[in-house]
Amino acid sequence: MKRIVALALGGLLAAPAFAGGPVTVAPEPVVEPVPAPVVVAPVADWSGFYVGGQLGYGKVDTNIDDLDGNGAIGGLHAGYRYDFGRAVVGAELAYDVTNIDLDGIPDSELDNVTTLKLMAGGKMGKGLLYATAGGSWADASIGGADVSDNGYVYGIGYDYMVNDRWSVGAELLRHTWDDFDDSGVDVDATTLQAKVGFRF
């Protein structure tokens, strides 16, 4: 009987120990925030041959007093560009006819301009900002006599890719012809033109 009572007392005394013993609590799940999707601006690929047209304004200055003028200029161009990823290089041939009368000498005007340029630039999303330089050839009339000469051209431009084929842009160029056709006349022309291009 004493043994039964002892066991019963031992069980009663041990019960609170089991009831108040350490309880393992499961850790709350950690919820990682879902990163927002990264929106990447579309980047154009400028590689390939292209053709197009340009139209704008030209201003001619010379080292002869009052022998200058301004007027419309426009024509066609064709070229090739290669896209390196961030940088783009290329070459372009352009032909423009002009409506620029030269004041100071009757029957004097700049008739047409042909340029062959190298270009290099960097991409800005779907845009291309570039610098360009090369050769410039011009035909003119001075006092009714036909003259021509070659010189150089340099400038900057910006094109924007509308879709995979079409682009629009603008180009600012400075043409220089020293001693035009051995006449002793130095001729400079500044042109600003809007451009449209189609890439193959």
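The following questions and answers walk through a predicted model of a protein structure.

Residues are numbered from 1 along each chain as its sequence is written, and side-chain values use heavy atoms, with hydrogens and water left out. Because the model is predicted, local features need pLDDT of at least 70 and side-chain atom pairs count only at pLDDT 80 or more, while totals for chains, interfaces and linings use all residues.

Visitor: In what order do the 8 strands close into a barrel?
Guide: Strands here are DSSP runs of E with at least two residues, numbered from the N terminus, and two of them pair if DSSP finds at least two bridges between them. The pairing in this barrel is antiparallel, and the order is β1-β2-β3-β4-β5-β6-β7-β8.

Visitor: How many residues lie between β5 and β6 in their hairpin?
Guide: Strand β6 covers residues 145-161 and is joined to β5 by 16 bridges, with Tyr160 as the bridge partner of Gly127. In the turn of the hairpin, Gly143 has a positive phi of about 60°, and the number of residues between the two strands is 2.

Visitor: Which residue in β7 is the bridge partner of Tyr160?
Guide: A hairpin of 4 residues joins β6 to β7, and these strands pair in the antiparallel sense over 10 bridges. Within β7, the partner of Tyr160 is Val168.

Visitor: Which elements give two or more residues to the largest nonpolar core?
Guide: A nonpolar core is a set of buried (under 20% relative accessible area, 1.4 Å probe, protein chains only) Ala, Val, Leu, Ile, Met, Phe, Trp, Tyr and Cys residues joined through side-chain atoms within 4.5 Å. The largest has 14 residues, and Val60 and Leu110 are among those that touch the most other members. The elements are β4, β5 and β8.

Methods
Buried < 20%, exposed > 50% of the residue type's maximum accessible area, 1.4 Å probe, protein only.
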